Structures are given as C-alpha cells and as structure tokens.
Amino acid sequence: VPRYGTWDDLLDGLERLAQVHGRDFRAEPDRRANDFLSYVDDIATALNAAGEGDRYLNYLRTQFAPRDGEVDELHQLLVSLPFRGLMTTNYDPSFSAALAQASAGSFDHVRNLAGDPPGSVDDWLRSLAEGHPPPRLILHCHGYYLHPESIVLGARDYRRLYGELPPGDTDPETGFGPIRTRATRPFQILQ
C-alpha cells in the first residue's frame, strides 16, 4: 500500500466527508468510476454549499502531510542523483524532506506551479540553468499539501491550471483519460 494511500482511499475519505458534512451529496459509484474529475468537483461543491469548504481543504492538507518514515531508500537514491531541479505532480513533502536531509543548511526547496507567485517558478527555472551549484529545487506542478487550495484534483482544478479540458471519455482505471492529451502543458506554461 502506498505511503499516502491510493486514489480510491482518498476518494473514500472525501465521500465520507461530503456525506456527513456536505449538502445533498450522494455517493454515485458509476460516476466515481467513469467521471472521476467531475465527481471530485461534486464533493467539493457539496461541502462548499454547506459552508464546510475548509473541511475539504483540511482533509487534503492532513492526507498529504508528513508521515513517519516518509523518506525511504528510493527518495534518498533519487536526491543523491546530480539533478538541478525536480518536477513532480505529487502533493506530499517526501522529495523535499529527502532533499533537506541530503543538503547542508536550511532552505525551502519547494516551488508550487499551481499556487505560488510566478516568480517562484522563475526561481526553479533559473536553478536549472545557472552555472554555479544552485540550491536544488522541487516544482510541485499540481499543488502542495501546505497550500491545499492549490491541489489539482477535480475538473475545475485542471481547468484553472490548464484551461478547458479536451472532450473524451476518462480512463476507467485512472479517471484521467482526457488529461493525458495535455501532458505537455506544464512545460508550455513554463516556457
């Protein structure tokens, strides 16, 4: 089981939250399986309609907060490589914790494409190009747990970051079918 659970685990928790605290939310297994992104939007809408939007954000924050043993051998091996910058769609702090353990001194390694001011993304880009050893930075493309409002999880979140989603059926395994056609969009945004 992944350290932060599976997508199904995350959806189970969000559904329970919306059923208890949301307005007029009913679990719909078919929609959950076939329209994952809009289903997540419905969960957030039900909670916001009941004045419980902060519960949604707090749930995301706690689900992706640091965990005991969050830095494992794989993270240590990855940050031991001579990269100048790392880009991830993960929301959790595992890479930044591993990088902090491997680095001398204290430094904020995290940049957030979905929530930071544009200058922080510029910092990340400059760290890739400068000739001297820069601080190695991690760009979280789909948000970071400390700023749960930046987390890209539902269709509205993807539209906020990437623009209108292309039409098409979602992959029943992942719920992300149409997004795959936009896989290069983060790189276009960074240019």
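Q: Helices are DSSP runs of H or I with at least four residues, and strands are DSSP runs of E with at least two, both numbered from the N terminus. How many helices and strands does the protein chain have?
A: The model is a predicted one. From the N terminus on, the order of elements is α-α-α-α-α-β-α-β-α-β-α-α-α. In total, the protein chain contains 10 helices and 3 strands.

Q: What share of the contacts with a separation of 6 or more joins residues 24 or more positions apart?
A: The protein chain has 191 residues, of which 44% are buried. Among its contacts with a separation of 6 or more, the share due to residues 24 or more positions apart is 66%.

Q: In what order do the strands of the open sheet lie?
A: The edge strands, each pairing on one side only, are β1 (85–88) and β2 (110–112). β1 is joined by 4 bridges to β3 (residues 137–140), and these two strands run parallel; within this pair, G85 stands opposite L137 of β3. Direction ignored, neighbouring strands of the sheet are turned by 25° against each other on average. The pairing in the sheet is parallel, and the order is β1-β3-β2.

Q: Which side chains of β1 point to one face and are buried?
A: The side chains alternate along β1. G85 and M87 point to one side and are not buried. Those that point to the opposite face and are buried belong to L86 and T88.

Q: At about what angle to β3 does helix α7 run?
A: Two helices can be considered against the sheet. Helix α6 lies across β1, β2 and β3 and runs at about 175° to β3. Helix α7 (residues 118–129) also lies across β1, β2 and β3. Its angle to β3 is about 135°.

Q: How many nonpolar, polar and charged residues make the contact of α5 with α6?
A: Helix α5 (residues 73–80) packs against helix α6 (residues 94–102) at an angle of about 65°, with the axes 9 Å apart, and the crossing is right-handed. From α5 the contact involves H75, Q76, L78 and V79, and from α6 it involves S94, F95, A98, L99, Q101 and A102. By class, these are 6 nonpolar, 4 polar and no charged residues.

Q: Which element gives the most to the largest nonpolar core?
A: In soluble globular proteins, nonpolar side chains tend to be buried together. Here the largest nonpolar core has 38 residues, and L10, L14, I43, Y56, L60, F64 and L153 have the most contacts inside it. At least two residues of this core come from each of α1 (7–21), α3 (36–49), α4 (53–63), α7, β3 and α8 (155–162). The element that gives the most, with 8 residues, is α3.

Q: Which residues does L153 contact, leaving aside its neighbours within four places in sequence?
A: L153 is one of the residues with the most contacts inside the largest nonpolar core. Another core, of 9 residues, lies apart from that one and includes V79, L86, F95 and I138. With neighbours within four places in sequence left aside, the partners of L153 are W7, L10, L14, F36, L37, V40, Y56, L60, Y91 and Y158.

Q: Is D157 buried or exposed?
A: D157 is placed in helix α8. Not counting residues up to four places away in sequence, D157 touches I151 and V152. A residue is buried under 20% relative accessible area. Because its relative accessibility is 16%, D157 counts as buried.

Q: How far apart in space are V20 and L47, C-alpha to C-alpha?
A: V20 is located in helix α1. Its relative accessibility is 62%, so V20 counts as exposed. V20 and L47 are separated by 27 residues in sequence, and their C-alpha to C-alpha distance is 9.3 Å.

Q: What value is the phi of D24 near?
A: Most residues other than glycine have a negative phi. D24 sits in the loop between α1 and α2 (29–34), and with 74% relative accessibility D24 counts as exposed. Its phi is positive, in a residue other than glycine, and is near 55°.

Conventions. Residues are numbered from 1 along each chain as its sequence is written. This is a predicted model: local features need pLDDT of at least 70, side-chain atom pairs count only at pLDDT 80 or more; totals for chains, interfaces and linings use all residues. Side-chain values use heavy atoms; hydrogens and water are left out. Axes are lines fitted to C-alpha atoms, for helices over the stretch in contact, and angles run from 0 to 180 degrees between N-to-C directions. A crossing is left-handed if the near helix is turned anticlockwise from the far one by less than a right angle, and right-handed if clockwise. Contact means heavy atoms within 4.5 Å. Ala, Val, Leu, Ile, Met, Phe, Trp, Tyr, Cys and Pro count as nonpolar, Asp, Glu, Lys and Arg as charged, and the others, Gly among them, as polar. Two strands pair if DSSP finds at least two bridges between them. A nonpolar core is a set of buried Ala, Val, Leu, Ile, Met, Phe, Trp, Tyr and Cys residues joined through side-chain atoms within 4.5 Å. Buried means under 20% relative accessible area, exposed over 50%, partly exposed in between (1.4 Å probe, protein chains only).
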